[in-house]
Amino acid sequence: MRAAVMGFVGALLLLAVWAVGFPEASAQRPAGQAHAGSAELITLSFDAGEGRQQLTVVDPRTRVLAVYHVDRATGALALKSVRNVHWDLQIEDYNSANPTPREIRLLTDSR
């Protein structure tokens, strides 16, 4: 589960970097490596444990990401999840601690 969350967070980080206009920038990769495989797709790959490699594929044009697990022993590829993150990236804050971005903005606007 932790591997899937790390892959999802890494992919969202890559999308966020792309969304603000820096497609050539590299996201920090504590658990894997990002590769610009082509002008169309971005991949993030790392060891998911238990003999598996996790591959996250991001299509920045459509803002869709897919997560795959590859069994190292057999080479079997299993699709684990696909998600269009367009609407996720429209959320200002979610599951965050106080102060929220809105509260900070209100504090700075009152000056």
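Select Glu-40 to begin the tour: in this predicted model the residue counts as partly exposed, because its relative accessibility of 45% falls between the limits of 20% and 50% that bound this class. Glu-40 sits in the loop between β1 (33-35) and β2 (42-49).

Add Arg-61 to the selection, and look at the side chains of the two residues, which meet in a salt bridge with 3.7 Å from N to O. This pair links distant parts of the chain, since Arg-61 lies in the loop between β3 and β4 (64-71), 21 residues apart from Glu-40. Is Arg-61 buried or exposed? With a relative accessibility of 61%, Arg-61 counts as exposed, because the cut-off for that class is over 50%.

Now step back and show the whole protein as a cartoon, where two helices and five strands make up the secondary structure. If you follow the chain along the sequence, the elements come in the pattern α-β-β-β-β-β-α. Switch on the surface, and the accessible area comes to about 7800 Å², with 56% of it belonging to carbon and sulfur atoms. Of the 111 residues in the protein, 23% are buried. Among the contacts with a separation of 6 or more, 26% are between residues that stand 24 or more positions apart.

Next, select β2 together with β3, which pair in the antiparallel sense over seven bridges. To find one of these bridges, pick Ser-45, whose partner in β3 is Leu-55. The two strands form a hairpin with two residues between them, and in the turn you will find Glu-50, which has a positive phi of about 50°.

Stay at this turn and show the side chains of Glu-50 and Arg-52, which form a salt bridge whose closest N and O atoms are 3.8 Å apart. Glu-50 is exposed, having a relative accessible area of 76%, whereas Arg-52 is partly exposed, with a value of 25%.

Arg-52 deserves a stop of its own, and its place is in strand β3, which covers residues 52-59. Which residues does Arg-52 contact once its neighbours within four places in sequence are left aside? They are Asp-47, His-69, Val-70 and Arg-72. For a further distance to draw in the viewer, take Arg-52 and Gly-75, which are 23 residues apart in sequence and whose C-alpha atoms are 9.3 Å apart in space.

From here, move along β3 and add β4 to the selection. How many bridges join β3 and β4? The two strands pair in the antiparallel sense over eight bridges, and one place to look is Thr-56, whose bridge partner in β4 is Val-67. As you turn the view, bear in mind that in a regular strand the side chains alternate between the two faces of the sheet. β3 and β4 also form a hairpin, here with four residues between them, and Arg-63 in the turn has a positive phi of about 60°.

For the last stop, select Asp-88 and Arg-83, which form a salt bridge with the closest N and O atoms 2.8 Å apart. Asp-88 counts as partly exposed at 21% relative accessibility, and Arg-83 is partly exposed as well, with a relative accessible area of 41%. The count of salt bridges comes to five, and those visited on this tour include Arg-61 with Glu-40, Arg-52 with Glu-50 and Asp-88 with Arg-83.

Key: Residues numbered from 1 in each chain as written. Predicted model: local features only at pLDDT ≥ 70, side-chain atom pairs only at ≥ 80, totals over all residues. Heavy atoms only, no water. Buried < 20%, exposed > 50% of the residue type's maximum accessible area, 1.4 Å probe, protein only. Contact = heavy atoms within 4.5 Å. Areas by Shrake-Rupley, 256 points an atom, 1.4 Å probe, with all protein chains shown as cover. Salt bridge = Lys/Arg side-chain N within 4 Å of Asp/Glu carboxyl O. Pairing = 2+ DSSP bridges.
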